Amino acid sequence: MDENEKRAARRGAVMGAAVMLAVCLLAGWRLLPGYGSHLQMMIKLGQIVDTVDRNYVGDFESELLGDMAAYGMIRSLDDRYSTYLPASTVEAYEANKYGETFGVGIQCVWDEERQAAHVYRVLEGSSALEQGLAPGDWLIAADDVTAAEDGYDAMVAAIRGEEGTEVAVTFQRGTAAPETRMMERRRLTQLMAEGELLDGGIGLIRIFSFHQGVSEQFRAAYEALQKQGMEKLIIDVRHDNGGLVSEMTEIADQFLPECDIMIMRRKNGHETRKVSDAAQDPIPMAVLVDEQSYSAAEFFAALMQEYGRAVTVGEQTTGKERAQDTYHLADGSAIVLSDRKYLTPQERALGETGMTPDILVALPEGTNFYFMSKAEDLQLSAAVEALQEGGK
């Protein structure tokens, strides 16, 4: 082949590659709605990956490169509720949203002074319960990862793992010597609501989250309290991180007449209204909130307050007015994206200020919420007093 033929062959190859690229880009533009307007950005990201792959002198993980790019894009939205989920974390995230959890069944709170995790709940059906762990124990290490040296998050990550595998958990009870026991990682149903009967016929139901299944657990706790002679009710949503709108509205519907519960607005202005039916339980109620009542929890309290259905007691809540949905990507990763704004029936947005309870009561400074006695719980005492004095 002479030089002219070689040049012609090279021109043909370049032209062929250009045509193939154009066809691929056109197909992508037609098959993937909205991508056409973002073509320049897609080309830019592709150039970065290609340049790193061909020229970077160090080692790198291409999957991590993509994850960090995606994470940065969502972070740039400056929305504290939106996030990127690498493929390895999606299953655990979805399980948590739908009322399940992975691990040995321990729930803890970090103690900065002691540099250990304080166990406040051990789940039914867990290997931790079978191995004798109890609220009040201190979690020190998982396998070779220690809380004091590696940090709480690293220790928690070490406890999690593939279902059916085991992990060596080291814990301490009181001043006894630390013990290490092998525990099986399992998929467990979360405890999301539980009740007890206080003096004077006042029922107390604590809602820990509004994840899927909480309405069933709430109903079971409520019916059990009715059988015990409950005449008034306190619903405690303090330190509740929220959850699903459908679960919140299911519980709220029980105590409201036929009315709007929530207004949801999308970017295009489309509006959806959640409503309750006419059936209403008239039991006198109070709702407990604090600065960690979040999302569905604070909205539930604001809703009961707005309709005058319950006296609300505690502290100013977190403040949130956006709902999120999970969008799954082709490689198994996902983005959690704020795609709706929600408002109370009176079109109140809670994002900037949260909700202010009717009766403002703070816990004494230094009180450990998870381990305080009822005598220390000034907010609960104020709610009981309000109901005894003829509250809502």
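Q: Two strands pair if DSSP finds at least two bridges between them, so what makes S1 and S18 a pair?
A: DSSP gives S1 and S18 three bridges, and the cut-off is at least two, so they pair, in the antiparallel sense. Along the way, Tyr-84 stands opposite Ile-335 in S18. One thing to know before we go on: this is a predicted model, where local features need pLDDT of at least 70 and side-chain atom pairs count only at pLDDT 80 or more, while totals for chains, interfaces and linings use all residues. Residues are numbered from 1 along each chain as its sequence is written, and side-chain values use heavy atoms, with hydrogens and water left out.

Q: And what makes S17 and S18 a pair?
A: Seven bridges, again antiparallel; the rule asks for at least two, so they pass. Gln-324 is set opposite Ser-338 in S18. The two strands form a hairpin with five residues between them, and in the turn Gly-332 has a positive phi of about 95°. S18 also pairs with S13, antiparallel and over three bridges, where Met-264 has Tyr-342 as its bridge partner in S18.

Q: Why is H10 called a helix?
A: A helix here is a DSSP run of H or I with at least four residues, a strand is a run of E with at least two, and both are numbered from the N terminus. H10 has 11 residues, 296-306, so it clears the helix cut-off.

Q: Why is H10 described as largely enclosed by the rest of the structure?
A: Buried means under 20% relative accessible area (exposed is over 50%, partly exposed in between, with a 1.4 Å probe and protein chains only). In H10, 11 of the 11 residues meet that, so the helix is largely enclosed. Among them are Phe-299, Phe-300, Leu-303 and Met-304. Contact means heavy atoms within 4.5 Å, and the buried residues of H10 pack against elements including S12, helix H9, S13 and S18. After H10 comes Gly-308, with a positive phi near 65°.

Q: How do you know that the buried residues of H4 are on the same side?
A: First, who they are: Val-90, Glu-94, Ala-95 and Lys-97 in helix H4 (residues 87-97). They cover an arc of only 165° around the axis, so they sit on the same side of H4; the arc is that of the directions from the helix axis to the C-beta atoms. Their packing partners include S1, S2, S9 and S17. Gly-99 follows H4, with a positive phi near 80°.

Q: What makes Val-49 partly exposed?
A: Its relative accessible area is 41%, which lies between the buried and exposed cut-offs, so "partly exposed" is the label. Val-49 belongs to helix H2 (residues 39-55).

Q: Which label does Ser-381 get at 36% relative accessibility?
A: Ser-381, in helix H11 (residues 378-388), counts as partly exposed too, because 36% falls in that middle range. Its C-alpha atom is 42 Å from that of Glu-163, and the two residues are 218 apart along the chain.

Q: How do you know that S10 is an edge strand?
A: Six strands form an open, mixed sheet in the order S10-S11-S12-S15-S16-S19. S10 (193-197) and S19 (359-360) each pair on one side only, which makes them the edges. In general, strands of a sheet pair through backbone hydrogen bonds, either parallel or antiparallel.

Q: What makes S11 a partner of both S10 and S12?
A: Five bridges join S10 to S11, running antiparallel, and five join S11 to S12, running parallel. Each count meets the rule of at least two, so both are pairs. On the S10 side, Ala-193 stands opposite Ile-207 and Leu-197 is bridged to Gly-203; on the S12 side, Arg-206 faces Asp-236. The hairpin of S10 and S11 has four residues between the strands, with Gly-200 taking a positive phi near 80°.

Q: Why is S11 described as largely enclosed by the rest of the structure?
A: Five of its six residues are buried, so that description fits. S18 is mostly covered as well, with seven of its 10 residues buried.
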